[in-house]
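User: Could you take me through one part of this protein in detail? I'd like a close look at one strand and what surrounds it.

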Amino acid sequence: MAERWNFERELVIGLICVVACVLLALGATGGERTRHAMDITASVLAPLEKPAVFVIDRVERFRRWTSERRDLLMELEELREENRALRLQSGEKISAEFKRRARPGNRFPIIFRDPGMWWEELRIGTGAEKYDPGCAVLDGSDLVGVITSQSGGSSWVRLITSAGFYVPVVVEETREIGVVTGDNEGGVWVRYLPSDGDYKPGMKILTVLGSRLPVGLPVGELTSERRTVTAGVDEFRVKTGADLFRLQYVSVLGGLQP
């Protein structure tokens, strides 16, 4: 009986203490001392709060940056796919135009190649066909040179390995514009490329606007051989798509004279 009375007394005392604490808290809210205590607490916690706010802000910025970067990468990939499709479409148009203009007789033999000017020019037998100067001469679909003159049943062709050959081109992957020319020794170079470009061996070289040649004709691809001719401008050796060592027949792409 005594134990039960002690338990009830402890329970009543505990309830009284809880009620007193609540009443004390309610009475102290809004008081000067309470506000002063809250100010002290805030000043103590401020140095700890600032780093936390800084970290949270940086985390949020990083999250936004990664989200924006992901969106940009997705958009870039879409643009690359569109670019590939456009290049394919352009290549198909060039191929279709070549097939349209090329007739069964548009395959001409090389009839003369002077050993002293082996890498500068050659002569092809065009028979009765008449072509304007500047027409593209091809080995398959790859550029060999251009017609410079025609007389009788033959035409002279200036080769892309000639130092007198200049044709504007583009590096397909970087879209940098340069000029292709030869060195009279069998070499072909792309000149006037910015030194800070992201070039890699194997990148394709194609013709662009600026000459009488059709846009998009394959010339060759970049090699690792590189030289600097002036500050900020480099030249790259080109591996030609045409087999200039074993040429026997070529085709001509261009308008026939009436």
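Here is the part I'd like to hear about. Which strand gives the largest share of the lining of the second largest pocket, and what does that strand pair with?

Analyst: Bear in mind that this is a predicted model. The strand you're after is strand 11, which supplies four residues to the lining of the second largest pocket.

Let's begin with the strand itself. Strand 11 covers residues 233-240 and pairs with strand 10, residues 218-230, through seven antiparallel bridges. If you want a spot to zoom in on, look at Thr230, which sits opposite Val233 of strand 11. As a general point, strands of a sheet pair through backbone hydrogen bonds.

Now zoom out a bit. Strand 11 belongs to a barrel closed by six strands, in the order 6-7-8-11-10-9, with antiparallel pairing. Going from one strand to the next, the twist averages 45 degrees. In that order, strand 11 comes between strand 8 and strand 10.

Then there's the pocket. Its volume is about 190 Å³. The lining is made up of 13 residues, and those closest to the centre are Gly186, Val238, Lys239, Thr240 and Phe245. Val238, Lys239 and Thr240 fall within residues 233-240, the span of strand 11. As for chemistry, the lining is a mix: five nonpolar residues, five polar ones and three charged ones.

So much for the close-up: strand 11 is part of the six-stranded barrel, and strand 11 also gives the second largest pocket the largest share of its lining.

Methods
Residues numbered from 1 in each chain as written. Predicted model: local features only at pLDDT ≥ 70, side-chain atom pairs only at ≥ 80, totals over all residues. Heavy atoms only, no water. Pairing = 2+ DSSP bridges. Helix = DSSP H or I, 4+ residues; strand = E, 2+ residues; numbered from the N terminus. Axes fitted to C-alpha atoms, helices over the stretch in contact; angles between N-to-C directions. 1 Å grid on protein atoms, 1.4 Å probe; cavity = no way out; pocket = protein on both sides within 12 Å on 5 of 7 lines; lining within 4 Å. Points joined across faces, edges and corners; volume = space filled by probe spheres on them. Nonpolar A, V, L, I, M, F, W, Y, C, P; charged D, E, K, R; others polar.
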